[in-house]
Amino acid sequence: FNSAKMLAIDSKGFIWITSYNRGVNRFDPRTGNNTRFDDPNFDFGATNIKCIYIDGDDIVWVGTRGNGLYSFDPSKNKFEQYGYNGGGTGTNTMIVCDIIPDGDRYLLLGTDQGGINRFDKESKTFEYIEYSQTSPQGLNNNGIWCLFKDREDILWVGTSAGGVNYHNPKRDKFNHFTNKGFVNSLSYNSILCFYEDHEGMIWIGTD
């Protein structure tokens with residue numbers, strides 16, 4: 001699990017940090033003060049590794065490896081947790097490995113064995129993009145460990161065993177990069193992270 005996913009910066013310059021522990025922490029780099037936000041009635045999944053994302057409204061979104069998705073609204077000092085039994089009302093698995101935006105309204109969640117979950121922040125509903133044997137142009141694996149959108153709005157999906165899946169919004173399909181056993185193919189099919197450099201090159205970190 002990429003430790004860089006466990007912190008994020010909001011529009012005011014506060015650094016938000018999550019951990020194995022309860023709640024979320026807000027660090028002010030100007031004063032050096034750290035504030036923990038907690039709710040004794042809330043199940044944070046204290047022993048779970050977590051990932052964090054902050055949207056344009058400074059809502060803190062946290063994905064856990066065992067307790068699904070929850071959010072924290074600093075303006076209201078309010079936590080909210082979403083179910084993980086599928087059916088459009090929650091994630092379809094308890095394990096959320098990554099969170100990225102999909103425009104202003106939606107979030108894309110990389111889940112372990114649940115494919116990509118697309119969350120509508122307005123209606124608070126979920127849809128699921130999953131591997132299917134009958135759809136060769138879809139995802140080739142349901143273990144989604146990392147997500148990334150590049151400057152051209154291409155979605156890069158790192159899987160646990162299916163290499164790289166990528167989706168151009170102009171084309172209604174996923175393409176795949178996998179290890180094929182020769183020098184210029186992907187070196188390994190478990191993908192942990194992506195990075196786009198100043199020249200637009202995509203770098204892929206494997207397990």
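Residues are called buried under 20% relative accessible area, exposed over 50%, and partly exposed in between, using a 1.4 Å probe and protein chains only. The model is a predicted one: local features need pLDDT of at least 70 and side-chain atom pairs count only at pLDDT 80 or more, while totals for chains, interfaces and linings use all residues. Numbering runs from 1 along each chain as its sequence is written, and side-chain values use heavy atoms, with hydrogens and water left out.

Salt bridges come first. The term covers a side-chain nitrogen of Lys or Arg within 4 Å of a carboxyl oxygen of Asp or Glu. In general, side chains of opposite charge can pair when their charged atoms come close. Searching the whole structure turns up 13 salt bridges. One of them joins Asp28 to Arg30, with 3.1 Å between the closest N and O atoms. The two partners sit in contrasting settings: Arg30 counts as exposed at 58% relative accessibility, whereas Asp28 is buried, with a relative accessible area of 13%.

Another salt bridge brings the side chains of Glu80 and Lys124 together, at 3.0 Å from N to O. Strands here are DSSP runs of E with at least two residues, helices are runs of H or I with at least four, and both are numbered from the N terminus. Glu80 belongs to strand 8 (residues 78-81) and Lys124 to the loop between strand 11 (115-120) and strand 12 (125-129), so this pair ties together parts that are 44 residues apart in sequence. Glu80 is partly exposed, at 24% relative accessibility, and Lys124 is partly exposed as well, at 38%.

Then there is Arg118, whose side chain meets that of Asp102 in a salt bridge of 2.8 Å, N to O. This pair also links distant parts of the chain, with Arg118 in strand 11 and Asp102 in strand 9 (residues 96-102), 16 residues apart. At 22% relative accessibility Arg118 counts as partly exposed, while Asp102, at 17%, counts as buried. The story does not stop at the pair: through salt bridges that share partners, Asp102, Arg118, Glu127, Lys149 and Asp153 are joined into one network.

On to the cysteines. A disulfide is a covalent bond between the sulfur atoms of two cysteines; the cut-off used here is a pair of cysteine sulfur atoms within 2.5 Å. By that criterion the structure holds 0 disulfides. For Cys97, which is in no disulfide, the nearest cysteine sulfur is that of Cys51, 7.2 Å away. Cys97 is buried, its relative accessible area being 0%. Cys193 is in no disulfide either, and the nearest cysteine sulfur to it, from Cys146, lies 6.5 Å away. Unlike buried Cys97, Cys193 counts as partly exposed, at 30% relative accessibility.

Cys193 also leads into a strand pairing, where two strands pair if DSSP finds at least two bridges between them. Strand 17 (residues 191-196) runs antiparallel to strand 18 (residues 202-206), and the two pair over 5 bridges. Cys193 has Gly205 as its bridge partner in strand 18. The hairpin of strand 17 and strand 18 has 5 residues between the strands, and there Gly200 takes a positive phi near 85°.

Finally, a look at Pro40. This residue lies in the loop between strand 4 (33-37) and strand 5 (50-54), and it is exposed, with a relative accessible area of 73%. Pro40 and Asn77 are 37 residues apart along the chain, and 13 Å separates their C-alpha atoms.
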